[in-house]
Each structure stands twice: as C-alpha cells, then as structure tokens.
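Here are my notes from a pass through this one, in numbered points. Have the structure open while you read.

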Amino acid sequence: MKRVLFVASECVPFIKTGGLADVVGSLPKCFDKNEFDVRVILPKYQCMREEFKNQLQYVTHFYMELNWRQQYVGVLHLEYEGIHYYFIDNEYYFSGPKPYGNIREDIEKFAFFSRAALSALPLIGFQPDIVHCHDWQTGLIPVYLKDKFHEGPFFANMKSIMTIHNLKFQGVYDVNTIRDVTGLPAYYFTPDKLEAYGDGNYLKGGIVYADAVTTVSETYAEEIKQPFYGEHLDGLMRARSNCLSGIVNGIDYNEYNPETDPFVTQHYNARTFRKEKIKNKRALQQELGLEQNDSKFMIGIVSRLTDQKGFDLIAYMMDEMCQHDLQIVVLGTGEEKYENMFRHFAWKYPGKVSANIFYSEGLSHKIYASCDAFLMPSLFEPCGLSQLMSLRYGTIPIVRETGGLKDTVWAYNEYEGTGTGFSFANYNAHEMFNTVKYAMYIYYEKKREWNKLIDRAMAADFSWNTSAQKYAQLYYRL
C-alpha cells in the first residue's frame, strides 16, 4: 500500500479561490483505495465554511519552533467522502476574511504551515512515502525534507513532488525576511537554490529540491522552458526537464453533468441535446434580458477578468463582434478596466451583451449548458478548466493554442470531420475574431457538422480518473 500526502493551501469544498482547490479536492478520491492511502493536509482558515468547521475533531496540539519563535500548532481531522483531511490550526496565522492577503504575511504564514504539516506527521501516525506539494505555498516542504527533517528515521525515505499550477505565482520576498521566518541557514540562499534575482523564492526552492516536478498540462510543461512563459525560471525548468512532466487536470464528472446538474433548467445528454439543450438557452436569454431568439449564436465567457485570460483581444474586437448576429454572456470579476469594459458594451448593445460582474456557481453552470460556444483566448493557460466544462456540456470551445487549451481542445477540420472545438495560434485580435467568424459560419450554414462537433465534444473524457492513473504511475516510479 502506497501512502501519499497532499499538502495544499486550498481544497474544495472547504476553501476555494481558484482551480488549485478543484484539483486537491477531486484528485485524491480517484485513486484505487486498495493500492493508495491518500490523505490531505490544509490550513484551518477562519473563513472556511461554517458547516465544515463544526465537524472538525481535535487530534492533538504541540508547540513548534519557527526560527526564534515558539508557535502553537493544533491538528484537527475530518473524514469526508472517504478521504482523511487534516487541518493545521493557528489563529494568529489563519484568521482573517480571505486565505491570502498581504504577501509579507503570507510568506510567514506558509513557512509556518509547511513546517507544521511535516511536524504533525509523527503525531497523527501517518508516514507517507510521497509528499505531493501544490504551488508556492508549499514550496518549502521539499527544502525542509532535505534539511531539518532529514535526520530522523521517520522522514529519511520520504520523496516529494512539486506540482506547479501557475508559474506566475512564486512566493518571492527579500532574503533576510525569508531567512528570519524559515530558520534556514545562509547555505540555501544561493542562485542554484532558493535565491533568484536577489530575492528568496519559495517555489524555486520546491522545484530545486523536489524529487519530481509536474505541471498541469504537457504543452505548459514545454512552454515554461521558454523565456516568454517561464516567468524568469525558464533556465531552472530546462535544468530540471528530466524530472518535469505535464499531467492534464480533469473535472468532476458527477458535479458537471448536464443530465443531473441541479443548476440547469433542462437536463440533456449526448443523445438528447439536439432537442433539449435549446431550452436552457431560452431560459438564459429570458433571465438575462437578452433578445429571445433560438438561432442567435450565443458565446459564453466565465473567467477571472485579467490580462492573462486574453481580454485585451476581446476589448479590441468587441465593437466589431457586436455588428454580427451573435450574443455574448460574461460572468466574472477581476481587473477594473475589464469589468467596466464589459459593463460599457452591455449598456451599448442591450439584448446582445450581458455583463455579470460577480461570481455565481449556479449562473456559471447555466452558461456552460446554454451557450453555443465558449471563448477562451488566453495569453497563457497552464491547464484551464472552463474548456473542459464546456466540452462536457456540448458547448464548443474557441481557444488560443496555449498550455492546457492546446492539449484538450482539438481543432475542427471540416475536410476530415474531426475536432472538438476551434483554435487559433497567435496572440492576435484579428486572428481570434476570424476564428469566431469561422465558428459562426459552421453554426449557421452547416448545422449537421455543428451537431457532430457537439457529439465529439461530449464524448471526450477529461474526468479525473485519467489524470489519477498518470499520477499513480509517477508515484510508482518514485
């Protein structure tokens, strides 16, 4: 029996700010229980959902040295859907309305969390073969495993894996502060270890010291070896390329299921979508005050409104797009300029554009189920989950060929009758617009071809089971 410990800063259903939480919440459930004992350690945030905080059971507590500080560490436990979750409790670090705040505080908070997660293991009686770390918040764990924790027999043979969900976020702060909060000796702060461009860097430490490094799609694993995508760590990614692999994320096929989804108006499946899917579109047009017209080409966008997601391309072409026979439904929050840009176009083109500048789980499911196409023109996209959800609901993705988008959406080829979506290669507004126009042409002029696209999209399998098998192979290799 292989024992694996996931360590992460967020996890569905307890706390979520992004895709990382989906991965940590879904993946552990997909391993064969006879072969793997997978458990998860998380911070116990004050802002966690009340219903879960009330179910936590006290396990133990102890005091731990964090360089010159003595800190309280409480350990709580909850078994949820067959997985053991442990929560590290310390109100000094984990109170507050959000899991992340000011980077100065986060640097100390996650140094504490990384060290506490390892220190708690002997006391909870779980000795993992592999510690699977996620993103910069846990980047110190592979470092600590090679440092202080290497001495005793308990930790001596533990292997670590570092998974990069988005290389943009690295946990960077000045070296003196990081030395002060981590208690690591000066030996670690050289350019081949934790130091990068004069600062200390948590993620870099994790990448340097982990036994294997993974990222969330094969294309992204290649892209981050290039300066454009490498966020100043491309040299390190090339140096570690023999230990670097890309494994595409999945989505929870029970939660995102057009046959049973509680949020959608009309359930449908791969056999019945021709008759039933349209009813969702009608309901959404009515709910959002768009022109009610079955044949209108409806494009959905559910996203954080940031530069990374390609919204400057949309901003550039939006007026021109709205001259065509289509509707655009947007859901998300983010940078003010994009929030206001969509509000402006919703005011300028009533009945055509609906801007929903907030986040709603229910509305996101309705958009996946109702729209004809889903637009994701990202500048970079490590994996992306929205395109997987739209495929699942038979809503055809229009994407830029980068990272996980390139690995999961196969471009439509009208001569061979293959593909599950539409894609364009260059980060260029006119290229994006031409791809949207091509998709509209197929939708309006070649309805049978469009329906076959939906057949193939709904048949594609991006459930977690496929990813779990690849992770299982990696665990065995280590």
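**Notes on the model**

1. Let's start in a loop: asparagine 269 sits in the one between strand 12 (244-246) and helix 10 (273-288). Bear in mind throughout that this is a predicted model. Is asparagine 269 buried or exposed? Its relative accessibility is 11%, so it counts as buried, the cut-off being under 20%.

2. What does the side chain of asparagine 269 reach? One partner is the backbone nitrogen of arginine 271, at 2.8 Å. Another is the backbone nitrogen of threonine 272, which lies 2.9 Å from a polar atom of the asparagine 269 side chain. Setting aside neighbours within four places in sequence, asparagine 269 also touches Glu259 and Met458.

3. Next, have a look at strand 7 (residues 159-164). Five of its six residues are buried, so the strand is largely enclosed by the rest of the structure. On one pairing, five bridges tie strand 7 to strand 6 (residues 130-134), and the two run parallel. Getting from strand 6 to strand 7, the chain passes through helix 5 (residues 140-146), making a right-handed β-α-β crossover.

4. Strand 7 also pairs with strand 11 (residues 212-215), again parallel, through four bridges. Methionine 162 is a handy residue to follow here: cysteine 133 stands opposite it, and in strand 11 its bridge partner is valine 213.

5. There is also an open sheet of three strands, in the order 8-10-9, with antiparallel pairing. Which strands are at the edges? Strand 8 (172-174) and strand 9 (195-196), each of which pairs on one side only. Strand 8 and strand 10 (residues 199-201) are joined by three bridges, and tyrosine 173 has glycine 200 in strand 10 as its bridge partner. Helix 7 (residues 202-209) lies across strand 9 and strand 10, at about 55 degrees to strand 10.

6. Finally, the packing. How many residues does the largest nonpolar core have? It has 93, and Phe31 and Ile88 make the most contacts inside it. Helix 4 (residues 103-124) is the biggest contributor, giving eleven residues. A second, separate core holds 73 residues, among them Met298, Ile396, Met440 and Leu453.

7. Phenylalanine 31 deserves a look of its own. Leaving out neighbours within four places in sequence, it is in contact with Phe6, Phe36 and Val38, as well as Ala468, Tyr471, Ala472 and Tyr475.

Methods:
Residues numbered from 1 in each chain as written. Predicted model: local features only at pLDDT ≥ 70, side-chain atom pairs only at ≥ 80, totals over all residues. Heavy atoms only, no water. Pairing = 2+ DSSP bridges. Contact = heavy atoms within 4.5 Å. Axes fitted to C-alpha atoms, helices over the stretch in contact; angles between N-to-C directions. Core = buried A, V, L, I, M, F, W, Y, C linked by side-chain atoms within 4.5 Å. Buried < 20%, exposed > 50% of the residue type's maximum accessible area, 1.4 Å probe, protein only. Right-handed = clockwise from strand over helix to strand, strands pointing away. Polar contact = N/O pair within 3.5 Å; in protein donor to acceptor, adjacent residues only side chain to side chain.
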